[in-house]
Each structure stands twice: as structure tokens, then as C-alpha cells.
Amino acid sequence: MTGGTPLSRDILEVEILIPDGLGFCFGVKRAYDLATSAVREGGRIFCWGPLIHNPQVVSLLEGIGLRVVEEYEKLLPGDRVIIRSHGASPRVLEALKKGGVEIIDATCPFVKKAQERIAELARQGYQVLLLGDPGHAEVQALLGYAGSHSVFVIGQMSDLNLLQLEKKVGIVSQTTQQESSLRDLVATVLPRVEELRVFNTICDFTASRLKSSLEIAGKVEVMLVVGGEKSANTRRLRDACQRVLPSTYLIERPDQIRYHWVRGKSRVGVTAGASTPDWIVSEVVKRLRHILIEGEDEDQEGP
Ligand code: SF4
């Protein structure tokens with residue numbers, strides 16, 4: 001995609017630009033499909049933590065019978081448990097198996113690759129640096145794949161100051177980090193170690209969604225990023241777009257668009273995080289068109 005698809009143009013010359021292929025990323029779509037087909041089969045079915053960081057989708061899934069669980073004692077032998085796209089640590093998987101539950105593994109293949117890379121580096125005696133958000137579920141699970149070897153999460157470059165780097169260091173990234181952050185980490189560590197092994201485990205989707213969103217942010221007057229407040233990749237997308245265009249806003253739902261953000265604007269961009277379904281994006285675009293073209297009254301805004 002090279003800069004967005006004009007979605008609407010009418011006599012008022014209003015354009016809404018969106019990247020091609022908005023909607024769930026490959027890994028989230030796969031997890032969603034596995035979850036919904038497991039629910040259709042009936043029986044007690046759970047997800048280990050919320051399936052994705054999107055409250056609308058999580059409540060929709062709860063409505064059809066997919067319960068979120070994070071305590072082993074709530075499970076019974078024979079229950080089925082979905083492992084979300086973020087993956088789970090070997091310790092969690094082992095405990096679930098011991099409890100006699102059936103595991104439906106929806107770990108994204110890109111995340112699985114990062115898990116394998118960490119395990120490989122740890123086995124080969126590298127001190128592992130994991131670029132990622134320390135509290136994120138994917139990162140928490142990834143840490144478990146180093147076993148008892150030394151592994152450190154680097155959330156920001158200053159975290160390196162707390163570390164005594166060893167001679168052999170390996171670097172792996174959370175799948176949704178930005179390549180620029182990975183490059184910065186590599187450049188900072190390289191002069192300080194004898195041997196450095198780097199695996200770029202950032203997924204293609206993250207990089208291409210970021211690129212197409214930034215292209216659009218460079219062409220519009222206002223940018224809306226649609227996704228869950230708790231979604232790390234959505235927040236990162238918002239931050240990156242905001243650096244290009246300060247008038248960038250993160251919203252979870254169409255009714256969060258504020259009239260004064262877009263009033264009088266003729267070019268607005270819309271992008272979305274990996275866990276935002278296409279139907280929410282369509283609703284956002286619909287409301288945006290309504291405001292831009294039909295001039296929804298500011299008084300109609302909620303509090
Ligand atoms: S953002 Fe990338 S790594 Fe994460 S679930 Fe989607 S495809 Fe997989």
C-alpha cells in the first residue's frame with residue numbers, strides 16, 4: 001500500500017484515507033477463528049487471559065460463551081483452554097496439562113518463532129536481552145523460554161545502565177516493537193560486548209501497518225488510531241503517528257470521535273491496531289463521514 005485509499009470524495013472535497021487491509025492481523029484472526037469454532041463445538045471453554053486487547057471483541061466472545069480464566073483452580077479436567085496469540089510460558093502450559101485440560105494453542109506463529117529464538121540463545125549460553133514492554137503478556141510468556149538462564153527485558157534504553165553485560169549477548173524482540181528501537185538497542189550494545197547475536201523477531205504485519213499509517217499521517221490533517229487502550233501495538237502506532245502529526249487521537253469506539261478534532265478538516269486518516277476488527281473500523285469511518293459531510297452538531301457530542 002502506498003499511502004492510503006481515498007475512501008470518500010464528494011462535493012465537499014472530504015477525503016478519509018485508510019491503509020489497505022485494516023482489520024485483524026493474521027495472528028489475531030487465527031486466534032479469533034480458533035476460539036469461535038471451539039465455542040461452536042460446545043462444552044466448557046476458556047481463554048487463558050483475554051483473547052485480544054480489544055474490550056468490544058472480548059465482551060462479544062464472552063457473550064457467546066468464551067470465559068476468560070487466569071486461575072488454575074477454576075478449571076476442571078476435560079475443560080478446553082485457548083492459549084491466545086500472545087502465547088503462554090512453558091510453566092503455564094505444563095500446569096494446564098497437569099490439570100488435565102485440553103489446550104487449543106492459538107499462539108501466533110511469529111510469537112512462537114520469538115519463543116524458539118530465546119530458548120536457542122539461552123541454550124547456547126548467551127545473556128538474552130528481550131526488547132519489549134515489561135508488563136505485556138507476550139513478554140511475560142517469552143521470558144519463560146529462557147528457562148533458568150539470564151534474560152532481561154529492555155523497555156527503554158536506560159534499562160541497560162542497570163545491567164552488567166556479559167561477553168556473549170543475544171537480542172530478541174517482542175513481535176510488535178518498532179524496528180528503529182531494535183536498531184537503537186543493537187547499536188548501543190554492540191560496542192560493549194565481544195559477541196552479539198541478533199534475531200529480528202518483529203512481525204511483518206507490525207512493520208507494514210506502521211509504514212502505511214505513517215505515510216497517511218504525513219498527508220492528512222487529523223489521524224485517528226482505532227484500538228484498545230490496553231493494546232501495546234495500538235498505543236505504539238498512536239505514538240509513532242503523533243510524532244509525524246500531533247493531531248493524532250486513539251479511540252476505541254466511534255462515539256469517542258470529538259467534533260472539534262475534525263471540524264473543518266478536509267483530509268482525515270484512519271488506521272487501527274492489530275486487534276481491531278474491521279467492523280469497528282467501518283463504524284468509525286461511518287461516523288466520521290457523518291460528522292465531516294453532514295456536519296453533526298457539536299452539541300450532540302457526549303460529555
Ligand atoms: S501483531 Fe504480528 S505477532 Fe502479533 S498476533 Fe498479529 S501477526 Fe502475530
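These legends walk through a few close-up views of a predicted model.

**View 1. Helix 2 and the parts it packs against.**
Start with helix 2, which covers residues 55–63. Four of its residues, Gln56, Val57, Val58 and Leu61, are buried. Who are their neighbours? The buried residues of helix 2 pack against helix 1 (26–40), strand 4 (67–69) and helix 10 (278–294).

**View 2. The two ends of helix 2.**
Zoom in on the start of helix 2 and you'll find Asn54, with a side-chain oxygen that comes to within 3.2 Å of the backbone nitrogen of Gln56. That's the Gln56 we just met as a buried residue of the helix. Now look past the other end: Gly65 follows helix 2, and its phi is positive, near 115°.

**View 3. Strands 5 and 6, with helix 3 on the way.**
Here strand 5 (residues 80–83) and strand 6 (residues 102–105) run parallel, joined by four bridges. To pick out one partnership, look for Arg80, whose bridge partner in strand 6 is Glu102. Follow the chain from strand 5 and you pass through helix 3 (residues 90–98) before reaching strand 6, in a β-α-β crossover that is right-handed.

**View 4. Strands 11 and 12, with helix 8 on the way.**
Strand 11 (residues 222–226) runs parallel to strand 12, and four bridges join the two. Val225 is a handy place to look, as it stands opposite Leu250 in strand 12. Between these strands the chain goes through helix 8 (residues 232–244), and this β-α-β crossover is right-handed.

**View 5. Tyr249 and Trp261, a stacked pair.**
The structure holds four aromatic pairs, and this view shows one of them, formed by Tyr249 and Trp261. Their rings are stacked, at 3.9 Å centre to centre, with 0° between the planes. Tyr249 sits in strand 12 (residues 248–251) and Trp261 in helix 9 (residues 259–262), so the pair links parts that are twelve residues apart in sequence. Is each ring's residue buried or partly exposed? Tyr249 is partly exposed, with a relative accessible area of 25%. Trp261 has 15% relative accessibility and counts as buried, because the cut-off for buried is under 20%.

**View 6. Lys168 over the ring of Tyr126.**
For the last stop, find the ring of Tyr126: Lys168 lies over its face, at 4.5 Å from the ring centre.

Key. Residues numbered from 1 in each chain as written. Predicted model: local features only at pLDDT ≥ 70, side-chain atom pairs only at ≥ 80, totals over all residues. Heavy atoms only, no water. Buried < 20%, exposed > 50% of the residue type's maximum accessible area, 1.4 Å probe, protein only. Contact = heavy atoms within 4.5 Å. Polar contact = N/O pair within 3.5 Å; in protein donor to acceptor, adjacent residues only side chain to side chain. Phe/Tyr/Trp six-rings, centres within 6.5 Å; stacked < 30°, edge-to-face > 60°. Lys NZ or Arg CZ within 6 Å of the ring centre and 35° of its normal. Pairing = 2+ DSSP bridges. Right-handed = clockwise from strand over helix to strand, strands pointing away.
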